[in-house]
Amino acid sequence: MLQLSGGRLPDPDSPYGACPQPPLGAGHWSVEYDPRPSAVGEARSQVRRQLESWGLAEPEDLVDTAVLLVSELATNALLHSASHYRLTLTAAHGVLRCEVADTGRRTPQVLQAGSAESGRGMFLVEALARRWGCHQDGPGKTVWFELGTCACD
């Protein structure tokens, strides 16, 4: 009799079979940051480490894109709400969802990438994310984006 070790085998007919999945028990991570400029750099580093720990370091452009877009959302939270903000990552079924919640009420706007030195953050989110959005949360808002974790996206 053949005995397997290491847990269940993936379902070969699953629509998510080709997508890397975070380890069992992982897939959700959240942290709150103080409203200080160095927190944006901390968020970038922590997102990179978290995705690597979940086994989502390949393809490398997934990590780089997630880090860039989280940096944009965290910077917006810092500049426009000047409050604590919460970063949440969720990974499941071939989708990485990144959320930044703050106490600001102003909805982000996508501006055209002109020659201005600022205002391009949501343009990048719009261009690079699979989907993105914003919803009101009581006194504040949550801005989110999703990226595919499959090489086939």
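So, strands β2 and β3: residues 85–92 make up β2, residues 95–102 make up β3, and the two run antiparallel, joined by seven bridges. Keep in mind that we're looking at a predicted model here. If you want one pair to find on screen, take A91, whose bridge partner in β3 is L96. Together β2 and β3 form a hairpin, with two residues between them. Have a look at H93 in that turn, because its phi is positive, about 50°.

Now, β3 has another neighbour. It pairs with β5, again in the antiparallel sense, over eight bridges. Here you can click on V100 and look across to its bridge partner in β5, V143.

Okay, on to the helices. Two packed helices are described by the angle between their axes and the distance between the axes. For α1, residues 38–53, and α2, the angle is about 150° and the axes are 9 Å apart. That angle is over 145, so α1 counts as roughly antiparallel to α2. The crossing of α1 past α2 is right-handed. Who meets whom? On the α1 side you'll find V40, A43 and L51 among others, and the α2 residues they meet include V63, V67 and L78.

Last stop, α3, which spans residues 121–128. Which residues are buried there? G121, M122 and V125. They cover an arc of only 90° around the axis, so they sit on the same side of α3. And what do those buried residues pack against? That would be α2 (60–81), β4 (131–137) and β5 (140–148). So we're back at β5, the strand that pairs with β3.

Definitions and conventions. Residues numbered from 1 in each chain as written. Predicted model: local features only at pLDDT ≥ 70, side-chain atom pairs only at ≥ 80, totals over all residues. Heavy atoms only, no water. Buried < 20%, exposed > 50% of the residue type's maximum accessible area, 1.4 Å probe, protein only. Helix = DSSP H or I, 4+ residues; strand = E, 2+ residues; numbered from the N terminus. Arc of directions from axis to C-beta. Contact = heavy atoms within 4.5 Å. Pairing = 2+ DSSP bridges. Axes fitted to C-alpha atoms, helices over the stretch in contact; angles between N-to-C directions. Parallel < 35°, antiparallel > 145°, perpendicular 65-115°, else oblique. Left-handed = near helix turned anticlockwise from the far one by under 90°.
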